[in-house]
Amino acid sequence: MKIRHLFIISFVFLSILLAANFFVLMAFTNYMTSDARVVNYAGVVRGATQRLVKLELANVPSDQLLARVESILTGLLNGDESLGLPKANDEQLIKSHNAVQVKWEELKPALLNYRQQQGAVSTIIDLSEEYFQLTDTMVYAAERQASVKVVQLRILQLILSILLILLTGTLFVLVYLRIARPINIVKETTSKVVNNNDFTLRVNITTKDELSHIANSINSLLAKVCQLALTIKHQSDRLQLSGEDLAKNMNQTAAAINEISANILSIKNQTVNQSASVTETSATMEQITKSIENLTKLIDEQTNDVTESSSAIE
């Protein structure tokens, strides 16, 4: 699963949970609003009935108030959209309402009889007191029903909060396993490469997501760097061998140059010696030439002498 898909799924789950939490809260808020109306109208029945009794005893009858009390009593049991009252479903509330309804069926005729001056005040007062106690019990039952809803809402809120925490923790663990742990692997591997100069190490991530692509890219880079390092080492070794060969050749060249210098020096010495010999030979030749010239003169003199002698003989 790709990382962006993981984030999308996490976002969707959290959105669904938050939306469910919102709608549950809205639903319970509506229920609590309805329960608040039940409590309010139960109190209205209690107060309106007492007011109705006082008006009747004061000879100020109010059919409108009488009808309103009956309408509210019916709405508290069966529900009434115009009043915003839900249908009663709490057993204790229904039981207390039925008791109030029974007592109302006794109090209402007594009030009507009193209008016609056929009822006693004491009877109305006694029924009113009993009715008040029963309505008080009904109000308490309505309040208890609302309190139960509040407790249920708190429990549901607690459950939703726990689910949200668990889901968030699970998503955090998944994100850590899918993102943080591979990143730590990349960090540890690159640190080892830098500290040990070991480019043969590789990032070992087997997931098929964006981090695996990053790991593959890093592995490719490490492989190229390793190959480059091997190439540089190979070229360095070759250069070192070439340097050693060049040093040997230089030594051999230096020896040859020294030998050539020695030969040149020897030739120079031989040339100097030959020059001295040539000079000596030249001097000797000059002496020979002089000797030959002297000999030629002697020969010429002897020739002349012979010629003169021959002439004298003749």
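Lys103, Glu106 and Glu130 are linked in a network of salt bridges, and that trio is a good place to start exploring this chain. Keep in mind that the model is predicted. The chain has 314 residues, and 23% of them are buried. Its secondary structure comes to five helices and zero strands, so let's begin with the charged network and then walk through some of the helices.

**The salt-bridge network**

- A search of the whole structure turns up five salt bridges.
- As a bit of background, side chains of opposite charge can pair when their charged atoms come close.
- One link of the network joins Glu106 to Lys103, with 3.1 Å between the closest N and O atoms.
- Both Glu106 and Lys103 belong to helix H3, where they sit three residues apart, about one turn of the helix.
- In general, an α-helix has 3.6 residues a turn, so residues three or four places apart point the same way.
- Lys103 also forms a salt bridge with Glu130, and here the closest N and O atoms are 2.6 Å apart.
- Because Lys103 lies in helix H3 and Glu130 in helix H4 (residues 121-196), this pair ties together parts that are 27 residues apart in sequence.
- Is Lys103 buried or exposed? With a relative accessibility of 13%, Lys103 counts as buried, because the cut-off for buried is under 20%.
- Its two partners are partly exposed: Glu106 has a relative accessible area of 37%, and Glu130 has a relative accessible area of 37%.

**A bridge between H2 and H3**

- The side chains of Glu70 and Lys108 meet in another salt bridge, at 2.3 Å from N to O.
- Glu70 is in helix H2 and Lys108 is in helix H3, so the pair ties together parts that are 38 residues apart in sequence.
- Glu70 counts as partly exposed at 26% relative accessibility, and Lys108 counts as partly exposed at 22%.

**Helix H3 from end to end**

- Does the length of H3 come out as what one would expect, and what is that length? At 1.5 Å a residue, the 25 residues of H3 (residues 91-115) should span 36 Å, and the end C-alpha atoms are 36 Å apart, which agrees.
- Asp90 caps the N-terminal end of H3, with a side-chain oxygen 3.3 Å from the backbone nitrogen of Gln92.
- Just after H3 comes Gln117, which takes a positive phi of about 60 degrees.
- The buried residues of H3 include Leu93, Val100, Trp104, Leu107 and Tyr114.

**Helix H2 and the loop before it**

- H2 has 16 residues and reaches 22 Å from its first C-alpha to its last, close to the 22 Å expected at 1.5 Å a residue.
- Among the buried residues of H2 are Leu65, Leu66, Val69, Ile72 and Gly75.
- Gly79, just after H2, takes a positive phi of about 90 degrees.
- Asn59 is found in the loop between helix H1 (3-57) and helix H2 (63-78).
- Asn59 has a positive phi of about 60 degrees although it is not a glycine.
- Asn59 is exposed, with a relative accessible area of 61%.

**The chain as a whole**

- From the N terminus on, the elements run α-α-α-α-α.
- Of the contacts with a separation of 6 or more, 69% are between residues 24 or more positions apart.
- The accessible surface comes to about 21600 Å², and 61% of it belongs to carbon and sulfur atoms.

Key: Residues are numbered from 1 along each chain as its sequence is written. This is a predicted model: local features need pLDDT of at least 70, side-chain atom pairs count only at pLDDT 80 or more; totals for chains, interfaces and linings use all residues. Side-chain values use heavy atoms; hydrogens and water are left out. Helices (H or I, at least four residues) and strands (E, at least two) are DSSP runs, numbered from the N terminus. The expected span of a helix is 1.5 Å times one less than its number of residues. Buried means under 20% relative accessible area, exposed over 50%, partly exposed in between (1.4 Å probe, protein chains only). A polar contact is a pair of N or O atoms within 3.5 Å; within protein, one must be able to donate a hydrogen and the other to accept it, and residues adjacent in sequence count only if both atoms are side-chain atoms. Contact means heavy atoms within 4.5 Å. Accessible areas come from the Shrake-Rupley method with a 1.4 Å probe; for residues, only the protein chains shown count as cover. A salt bridge is a side-chain nitrogen of Lys or Arg within 4 Å of a carboxyl oxygen of Asp or Glu.
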